[in-house]
Amino acid sequence: MTTSARRLAWLGLGIIVIGIVVGIAWPSAAESRSEHVRRLALEFRCVDCEGLSVAESATASAAEQRRDIGIRLDRGESDEQIRAAYVESFGENVLLRPASNGIGLLVWALPIAVVLLGGVGVFVALRRWSRQPRLVATDADDALVAELRTPVDDD
Amino acid sequence: MRATLGILGIAIGLGASAVGIVLLVRGVLRHDAGALRAGRACIFVVLAGALVAVAAMEWALLTHDFSIKYVAENNARSTPTLFTITGLWAALEGSILLWAVILAGYLAFTAHRFRRRLTDPMVGWALIVGLTVALFFFLFMAVAANPFTVVQGIAPLDGRGPNPLLQNHPLMAFHPPMLYLGYVGFTIPFSFAMAALITGRFGEGWLADTRRTTLVAWGFLTVGIILGAWWSYEVLGWGGYWGWDPVENASLLPWITGTAFIHSVMVQERRGMLRVWNLSLVIATFALTILGTFLTRSGIITSVHAFSQSSIGPWLLSFLFIVMATGIGLIAWRADTLHAPGRIDSPVSREAAFLANNLLFAGLAFVVLLGTVFPLLAEAIRGSTLSVGAPYFDRMTAPLGLLLLFLMALAPALPWRATSGEVLQNRLLVPAYVGATTMVFTLIVWTRDWSTVVGFGLAAFAVAAITRVTFVAVRARRRADATGWGRALSRTVAGNPRRYGGLVVHTGVVAIAVALAASGSFGIKREVRLTQGQSATVGGYTVTYERMRTDATAQKSSVSVDLAIVRDGERLGTYAPAISSYRNANQGIGTPSVRTGVFEDLYLTLVSSRSGRGRVTVGIQVQSMTVWIWIGGGLMALGTVIALAPHVRRRRVVPPAPGGLASDGPASGELVGSERS
Amino acid sequence: MKHPLRWVALAVGAVVAIFAVILAVNVGTDPRADLNTSRLLGKSAPDFSLARFDGTKVRLADLAGKTVIVNFWNSWCRPCREELPVLQQWYREHRTDDSVVMLGIPRDDSSRAIRDAARADQMEWAVANDQGAKSATLAYATRGQPESFVISPRGRIVGSVLGPLTPGTMDQMVQAGQQNA
């Protein structure tokens with residue numbers, strides 16, 4: 001494939017990708033009430049279960065909690081207010097996604113820091129390796145090789 | 001009688017481990033071949049002891065010998081035979097016994113395989129380390145977690161029976177043993193890694209010696225985890241297959257580090273680099289397997305306080321501490337000679353891709369580990385606890401997973417050492433277009449959720465890249481040999497089974513990635529109350545409640561409902577979710593009924609049948625692409641088997657001279673895995 | 001830096017050791033078993049409106065001025081059966097005491113099962129059916145059953161127990177209610 005044809009092909013791909021990004025980012029229709037309830041319910045831990053969310057659990061307490069979330073939304077409460085209300089009653093461990101303030105910040109920040117640090121380390125190492133000068137023959141080396149190549153006088 | 005036999009078996013295992021260690025140490029330090037042979041024989045005695053103990057326990061279970069506490073707690077007369085047999089691993093003590101017998105098996109296999117290299121200190125020390133691990137487990141059984149403890153007083157007439165969740169699906173027979181075959185298998189590469197550190201021969205020798213065993217262990221662990229997900233889906237009834245539960249995470253962690261290890265050894269084989277990293281990875285993998293099995297059995301994560309209720313906690317901590325301390329200590333001791341002179345020539349090379357791969361896997365392991373133990377740490381530091389659940393793990397692992405998917409597409413197209421951007425562009429252009437087209441298609445037809453779109457696109461990109469690379473090789477082989485496509489394909493694969501096995505495994509991973517990406521965006525979940533004859537329509541499926549059945553066996557009594565399913569006018573059959581009550585449980589255990597389709601699963605549960613007016617509450621879920629997880633798992637298993645196949649061209653690998661110089665350069669030629677046995 | 005690897009290894013070792021020490025030190029303490037496990041402690045008790053099987057209504061607001069013991073239970077949970085004798089004994093002793101009221105609220109059970117159990121076990125204190133019980137169990141942030149709360153005459157939650165009641169905890173509850181007038 002010629003260079004210009006290749007460039008054109010990749011350019012075309014780039015345009016398609018931009019189109020995809022636009023398509024994803026385009027503001028979508030507002031979520032329905034049931035979608036909203038489900039989205040919030042996914043954040044709360046069902047108390048009768050082993051780590052399942054309120055959205056996924058089939059227990060009566062989870063069903064009641066989903067109903068309650070709907071009632072609160074109808075009352076006009078915001079997501080934050082609903083979260084705060086449940087944390088108030090059940091404690092912080094009702095949230096399946098740890099809050100990003102306080103000690104919870106660590107659990108979000110540490111992995112990002114580790115991966116970034118590791119990435120920087122790999123990048124630096126790769127740069128260092130590719131910067132190391134390749135050995136180039138000097139004139140002295142050429143002379144040595146020529147000397148060795150001259151046939152030795154036989155006695 | 002059976003208890004005595006079992007305790008005898010454990011005692012034999014314990015004694016033979018101790019004696020074997022002493023003999024082997026003496027043999028290695030004094031070059032005493034006789035001691036080495038005797039030590040090796042001890043390994044087989046350990047296996048015999050473990051087998052005797054297992055036989056005694058199965059005998060006790062099958063004859064319902066309730067004088068043994070373990071049998072009384074995990075078996076009942078009404079327990080079906082299959083679950084009586086699987087009762088061996090129903091609780092902690094029995095599963096430690098299973099671990100011990102599998103470990104003894106792996107050690108015996110290793111002792112047999114390296115029988116002609118017994119005088120090699122590497123083999124000697126590896127067997128010593130392996131036996132030490134076995135010693136721990138037998139000691140643990142003898143002192144803290146004895147499966148053959150006898151009931152005080154009179155034996156009960158009937159046992160309690162196993163936990164209902166452990167006796168309602170045949171998968172119970174496969175999932176734990178597969179997991180353990182995986183976990184325990186990593187003891188062998190760990191032992192060889194320690195031997196490499198001890199003997200100072202940390203070149204590629206120990207990698208070549210353990211490549212097959214590592215792959216076998218990894219394969220079993222993969223299958224075990226997939227079976228666990230299947231169990232969660234088919235048995236537990238919540239409609240999901242992975243909940244980021246601490247127990248699930250505990251099994252995933254050694255898999256993540258093990259996968260990183262399988263990839264980074266290839267860099268060490270070719271360039272002699274990453275020695276320390278590989279040694280650390282394998283030590284970490286082994287430590288994580290120990291952590292994993294004990295987390296599953298001791299409940300330490302759900303509460304710090306459960307730890308203190310039995311004595312297994314201190315044992316676990318001590319053993320883990322010893323393992324970590326020994327490993328880290330050895331590395332620190334050898335630090336000055338461990339550094340390898342190699343370097344990576346170009347960032348656009350497969351070595352660099354493997355470096356990136358390992359970075360991402362390390363990040364993945366860190367996220368899963370941190371998220372799992374964080375509640376523990378938070379509670380220890382500030383008293384009140386918090387939860388780290390699926391939303392955290394999903395959000396943190398998704399980007400890493402997508403990047404890994406991207407790398408998986410790239411890597412087969414990247415040559416070793418270095419390449420130009422042009423070559424790479426040529427190789428990746430068509431697959432990239434395939435990926436982009438898929439993304440556009442997904443956007444238009446399916447959803448606009450970014451993780452699904454990107455996931456599908458990268459999956460298509462990866463499949464196209466793998467197909468392309470295989471096609472090019474098969475086409476070249478066809479021309480070279482002037483044969484048909486079929487024979488060319490089989491010859492290509494047979495010529496490099498490691499590579500093509502790996503590509504099949506990658507295809508399996510892509511299938512799983514597709515299922516995971518689809519689950520993020522699509523899914524309907526409803527609960528409907530139906531009277532007899534009434535229907536409800538969810539997601540295109542019309543569900544009609546036909547009748548209720550009750551069924552009672554000695555083991556359990558169940559209520560099930562027959563649901564007729566119709567979609568687009570076509571009758572799809574009758575499915576029957578149920579709720580069962582087991583004798584020893586408080587609440588009913590639900591059994592879902594799943595209609596599996598290529599693109600969709602219809603997931604039916606019976607939520608309650610208690611209504612006075614004859615109404616039942618049925619849960620109806622429609623899930624996308626779930627079957628691709630099981631298909632992906634099967635492909636990964638197939639790929640592992642292919643990768644284990646011997647090369648068609650056999651080259652002898654000369655074993656390093658015993659007690660000789662450290663081999664610290666890259667192995668010459670391509671390591672083609674051609675061990676003699 | 002000479003042998004950076006050695007330092008890295010020792011640093012990793014230090015982190016692992018710290019983690020192990022944290023675990024080991026905190027394993028011993030067990031703050032689980034005490035009264036003050038609910039987050040609602042000290043807050044005003046959420047009102048509820050429930051119906052008994054004889055049709056009469058029970059509202060918390062109507063019980064102002066009395067110490068109220070609320071017991072969340074159901075017919076199929078084992079620990080609930082375990083605490084039954086404790087509740088019955090206590091009720092027998094305090095039946096004539098007007099200042100204390102005990103109320104049983106079903107948690108995750110059907111009316112029919114509750115009624116059958118209450119009848120079979122001769123639960124003589126006020127037992128509500130499941131109408132409105134669900135919102136009460138959520139309002140009180142119950143985490144399982146049996147779970148019991150004591151509400152002071154002023155309407156504050158002054159004690160809670162998650163798990164079966166014992167005679168000792170029962171007395172503690174009543175005392176807490178009467179002290180915090």
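A residue is counted as buried when its relative accessible area is under 20%. By this criterion C:Cys77, with a relative accessibility of 3%, is buried in the predicted model. C:Cys80 also has a relative accessibility of 3% and therefore counts as buried. These two cysteines, C:Cys77 and C:Cys80, are joined by a disulfide with an S to S distance of 2.0 Å. The torsion about the S-S bond of C:Cys77 and C:Cys80 is about 100°, so this disulfide is right-handed.

Over all chains, the structure contains 2 disulfides. Besides the bond in chain C, a disulfide links A:Cys46 with A:Cys49, where the sulfur atoms are 2.2 Å apart. Here the torsion about the S-S bond is about 65°, and the disulfide of A:Cys46 and A:Cys49 is therefore right-handed. Both A:Cys46 and A:Cys49 are buried. In chain B, B:Cys42 has a relative accessible area of 10% and so falls in the buried class.

Chain C comprises 5 helices and 7 strands. Along the sequence, these elements of chain C succeed one another in the pattern α-β-β-β-α-β-α-β-α-β-β-α. Of the 181 residues in chain C, 44% count as buried. The chain is divided into domain 1, covering residues 1–30, and domain 2, covering residues 49–179. The C-alpha centres of these two domains of chain C are 49 Å apart.

Five strands of chain C form an open sheet of mixed pairing, in the order β5-β4-β3-β6-β7. The edges of this sheet are occupied by β5 (126–127) and β7 (157–162) of chain C; each has a single partner strand, so one side of each is left without a neighbour in the sheet. Within the sheet, strand β3 (residues 67–73) of chain C runs parallel to strand β4 (residues 100–106) of chain C, and 7 bridges join the two. In this pairing, C:Thr67 lies opposite C:Val100 of β4(C). In a regular strand, side chains alternate between the two faces of the sheet.

An antiparallel pairing is found in chain B, where strand β4 (residues 556–567) and strand β5 (residues 570–575) are connected by 5 bridges. One of the residues in this pairing is B:Ala564, whose bridge partner in β5(B) is B:Thr574. Together β4(B) and β5(B) form a hairpin with 2 residues between the strands. In the turn, B:Asp568 has a positive phi of about 50°.

The surface of chain B carries a nonpolar patch formed by B:Phe441, B:Ile444, B:Val445, B:Trp446 and B:Phe522. The accessible area of these residues together is about 530 Å². Within the patch, B:Trp446 is located in the loop between α16 (421–445) and α17 (450–481) of chain B. The relative accessible area of B:Trp446 is 33%, and this residue is therefore classed as partly exposed, a category that lies between the buried limit of 20% and the exposed limit of 50%.

Chain A, which contains the disulfide between A:Cys46 and A:Cys49, is divided into domain 1 (31–97) and domain 2 (104–147). Taken over C-alpha atoms, the centres of domain 1 and domain 2 of chain A are separated by 50 Å. Both cysteines of the chain A disulfide, A:Cys46 and A:Cys49, fall within the bounds of domain 1.

How values were computed. Residues numbered from 1 in each chain as written. Chains lettered and ligands numbered in written order. Predicted model: local features only at pLDDT ≥ 70, side-chain atom pairs only at ≥ 80, totals over all residues. Heavy atoms only, no water. Domains from an automatic or database assignment. Patch = residues over 30% accessible without salt bridge, like charges linked within 9 Å, V, L, I, M, F, W, Y side chains within 5 Å. Areas by Shrake-Rupley, 256 points an atom, 1.4 Å probe, with all protein chains shown as cover. Salt bridge = Lys/Arg side-chain N within 4 Å of Asp/Glu carboxyl O. Helix = DSSP H or I, 4+ residues; strand = E, 2+ residues; numbered from the N terminus. Buried < 20%, exposed > 50% of the residue type's maximum accessible area, 1.4 Å probe, protein only. Pairing = 2+ DSSP bridges. Disulfide = S-S within 2.5 Å.
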